[in-house]
Amino acid sequence: MNNADSAGTAKEKVILTGVSETALLTLNSRAREARRPDRILDDPRAVALVDSIDFDFAKFGTTRQDMALRSLAFDGQTRGYLQQHPKATVVALAEGLQTSFWRLDAAIPNAQFRWLTVDLEPMIDVRSKLLPSSPRVSLCAQSALDYSWMDKVDTADGVFITAEGLLMYLQPEESMGLIAECARRFPGGAMMFDVPPSLFGWLLRRGVRTSMRYTAPPMPFTLSAAEAANLVNTVPGVRAVRDIPLPLGRGLIFNTLLSASHWFRPLDELRPSFTLLEFG
């Protein structure tokens with residue numbers, strides 16, 4: 001039963017803990033952005049999903065446009081790959097409550113790409129209950145670190161892997177191991193991920209408080225833009241690394257600072273890195 005599409009259905013109580021709970025935080029940020037008249041992200045599925053969930057979203061505190069911009073950055077690079085490989089499989093690792101499939105499906109005429117969601121069983125259960133099914137979407141209930149999900153990927157028409165909001169919550173050796181195995185298993189494919197800057201690693205490893213009632217989980221894995229660029233030299237199978245700028249958002253001051261953080265090299269250590277890897 002799809003509660004999200006059933007009029008008059010009671011809201012679904014959702015209980016997630018630890019890193020999985022951050023999926024509700026990012027969902028709420030996208031939905032609140034999508035409700036704005038001056039929105040930078042069109043995401044009606046996120047709005048419907050929030051409206052179908054019984055959860056105290058206010059505990060996360062205020063929302064910011066950066067979560068929406070992150071999703072737009074991932075959408076843009078995924079769509080770029082799909083323009084070259086229209087029948088490719090997109091693998092969304094630890095997808096949480098992202099609604100990327102529906103945004104891309106609406107943006108691409110006569111879309112043919114396939115989608116594989118890889119996430120823990122409690123999250124897959126929530127997605128199965130509250131999001132509509134599609135013959136082009138498959139669900140895999142397991143950790144991204146259980147590499148057996150790779151056996152389920154059809155590589156014939158290309159593979160694009162997203163790790164949106166994932167790697168920072170893993171141990172460094174886990175993140176690097178996942179990147180290396182993806183590079184080994186999917187030649188000709190690509191992978192995009194985001195991580196916070198190394199300069200703030202000491203703070204992020206303790207967890208960041210977003211409100212008086214919520215502290216984000218520790219983030220043990222960080223990379224500067226320069227460190228990410230060096231993956232082409234340290235990870236076999238990575239043939240190119242691209243540093244992806246965030247799309248412009250809302251507000252002159254915000255956009256000025258955003259542009260400066262990407263193009264003014266001394267600020268590289270202060271900004272999150274959005275990295276696209278191309279596999280040889």
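**Pockets, a cavity and cores**

Biologist: Which elements each supply at least two residues of the lining of the second largest pocket?

Modeller: Three elements each supply at least two residues of that lining: α3, β10 (238-243) and β11 (273-279). Helices are DSSP runs of H or I with at least four residues, strands are runs of E with at least two, and both are numbered from the N terminus. A pocket, on a 1 Å grid over the protein atoms alone, is an open set of points for a 1.4 Å probe with protein on both sides within 12 Å along at least five of seven lines, and lining residues have an atom within 4 Å of a point. So, by these definitions, the names are α3, β10 and β11.

Biologist: What should I know about the model, and which element gives the most to the lining of the second largest pocket?

Modeller: This is a predicted model, where local features need pLDDT of at least 70 and side-chain atom pairs pLDDT 80 or more, while totals for chains, interfaces and linings use all residues. Residues are numbered from 1 along each chain as its sequence is written, and side-chain values use heavy atoms, without hydrogens and water. The lining includes Gln77, Tyr81, Arg239, Arg242, Leu276, Glu278 and Phe279. With three residues, the most comes from β11.

Biologist: Which element supplies the largest share of the lining of the largest cavity?

Modeller: A cavity is a set of points where the probe fits but cannot get out. α3 (66-84), β3 (89-93) and α4 (100-107) each supply at least two residues of the lining of the largest cavity. The largest share, three residues, is from α3.

Biologist: Which element supplies the largest share of the largest nonpolar core?

Modeller: A nonpolar core joins buried Ala, Val, Leu, Ile, Met, Phe, Trp, Tyr and Cys residues through side-chain atoms within 4.5 Å. This one has 44 residues, and those touching the most other members are Leu24, Ile53, Leu97, Phe113, Trp115 and Met192. Elements that each supply at least two of its residues include α2 (44-51), α5 (121-130) and β7 (190-195). The largest share, six residues, belongs to α1.

Biologist: How many residues are in the other core?

Modeller: Apart from the core just described lies another one, with Val153, Met191, Val235 and Leu277 among its members. In soluble globular proteins, nonpolar side chains tend to be buried together. The size of this other core is 31 residues.

Biologist: Which residues does leucine 97 contact, leaving aside its neighbours within four places in sequence?

Modeller: Contact means heavy atoms within 4.5 Å. Leucine 97 belongs to the largest nonpolar core. Its contacts are Ala23, Leu24, Leu27, Arg30, Leu49, Ile53, Met123, Val126 and Arg127.

Biologist: Is glutamate 21 buried or exposed?

Modeller: Glutamate 21 sits in helix α1, where 13 of the 18 residues are buried. Beyond its sequence neighbours within four places, glutamate 21 is in contact with Leu16, Phe55, Lys59, Phe60 and Tyr214. Buried means under 20% relative accessible area, exposed means over 50%, and partly exposed lies in between, for a 1.4 Å probe and protein chains only. Because its relative accessibility is 11%, glutamate 21 counts as buried.

Biologist: What is the relative accessibility of histidine 262?

Modeller: Histidine 262 is part of helix α10 (residues 252-263). Not counting residues up to four places away in sequence, histidine 262 touches Asp243, Ile244, Pro245, Asp268 and Arg271. Histidine 262 counts as buried because its relative accessibility is 7%.
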